Amino acid sequence: MNLLIRPEAVGDTLEELWISYNLIEKLKGVNYMKNLKVLYMAHNLVKDWGEFMRLADLPCLVDLVFVGNPLEEKCSTEGTWMDEATKRLPNLRKLDGKY
């Protein structure tokens, strides 16, 4: 499943999006959510940094829950998840419930 966002409907106003457990693989269209501050998308199917990096287009994003996605699971096993994710999204104040 892909995350398909209708920017004309919510892109300028949406501040929180809770989409955990939705089998989402792709984040195409998320870049239109310029006011998004909170994104909870645990236990989906995002597996590569290319898709994750679409979140870098969200200037207001400060709280992300990404646990349970294949990318997070792989990097957590390697012990690199928190460092790699926060390096790519430096504006985050909270990642997976941790400050």
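Which residues does M41 touch, not counting residues up to four places away in sequence? I started my notebook with this one, and I kept in mind that the model is predicted. I found that M41 touches I19, S20, I24, L27, V46, L64, V65, F66 and N69.

**Entry 1: the core around M41**

I then looked up the largest nonpolar core, which has 24 residues. M41 is among those with the most contacts inside this core, together with L39, F52, L55, L64, F66 and W81. Two of these, L64 and F66, were already on my list of residues that M41 touches. Next I asked which elements give two or more residues to the core. They are α2 (49–52), α3 (70–78) and α4 (81–88).

**Entry 2: the whole chain**

I stepped back to see the overall plan. The protein has 4 helices and 4 strands. Reading from the N terminus, I wrote down the order α-β-β-α-β-α-α-β.

For size, I noted that the C-alpha atoms fill a box of roughly 40 × 25 × 20 Å along the principal axes. Does the radius of gyration agree or disagree with that of a compact globule? For 99 residues, such a globule would have a value near 13 Å, and the protein has 12 Å, so the two agree.

I also checked how much is hidden: buried residues make up 41% of the 99 residues. The accessible surface comes to about 5700 Å², and 53% of that belongs to carbon and sulfur atoms. Among contacts with a separation of 6 or more, 51% are between residues 24 or more positions apart.

**Entry 3: the sheet**

How are the 4 strands ordered in the sheet? I traced an open sheet with the order β1-β2-β3-β4 and parallel pairing. β1 (16–18) and β4 (94–95) are the edge strands, and each pairs on one side only. I looked more closely at one pairing: β3 (residues 63–65) runs parallel to β4, and 2 bridges join them. For D63, I found the bridge partner in β4 to be K94.

**Entry 4: the two sides of α3**

I picked α3 for a closer look. I found L71, E72 and C75 buried in this helix. Why do they lie on the same side of α3? They cover an arc of only 95° around the axis, and that puts them on the same side. A general rule helped me here: an α-helix has 3.6 residues a turn, so residues three or four places apart point the same way.

What do the buried residues of α3 pack against? I followed them to α2 and α4. Turning to the other side of α3, I saw that K74 and T77 are exposed. After the helix comes G79, with a positive phi near 80°.

**Entry 5: two residues in a loop**

My last stop was the loop between β1 and β2 (38–40), where Y21 is found. Y21 is not a glycine, yet its phi is positive, near 60°. Is Y21 buried or exposed? Its relative accessible area is 62%; the cut-off for exposed is over 50%, so Y21 counts as exposed.

L23 lies in the loop between β1 and β2 too. L23 has a positive phi of about 60°, although it is not a glycine either. With a relative accessible area of 53%, L23 is exposed.

Methods: Residues are numbered from 1 along each chain as its sequence is written. This is a predicted model: local features need pLDDT of at least 70, side-chain atom pairs count only at pLDDT 80 or more; totals for chains, interfaces and linings use all residues. Side-chain values use heavy atoms; hydrogens and water are left out. Two strands pair if DSSP finds at least two bridges between them. A nonpolar core is a set of buried Ala, Val, Leu, Ile, Met, Phe, Trp, Tyr and Cys residues joined through side-chain atoms within 4.5 Å. Buried means under 20% relative accessible area, exposed over 50%, partly exposed in between (1.4 Å probe, protein chains only). Contact means heavy atoms within 4.5 Å. The arc is that of the directions from the helix axis to the C-beta atoms. The radius of gyration is taken over C-alpha atoms; the globule rule is 2.2 Å times the number of residues to the power 0.38. Accessible areas come from the Shrake-Rupley method with a 1.4 Å probe; for residues, only the protein chains shown count as cover.
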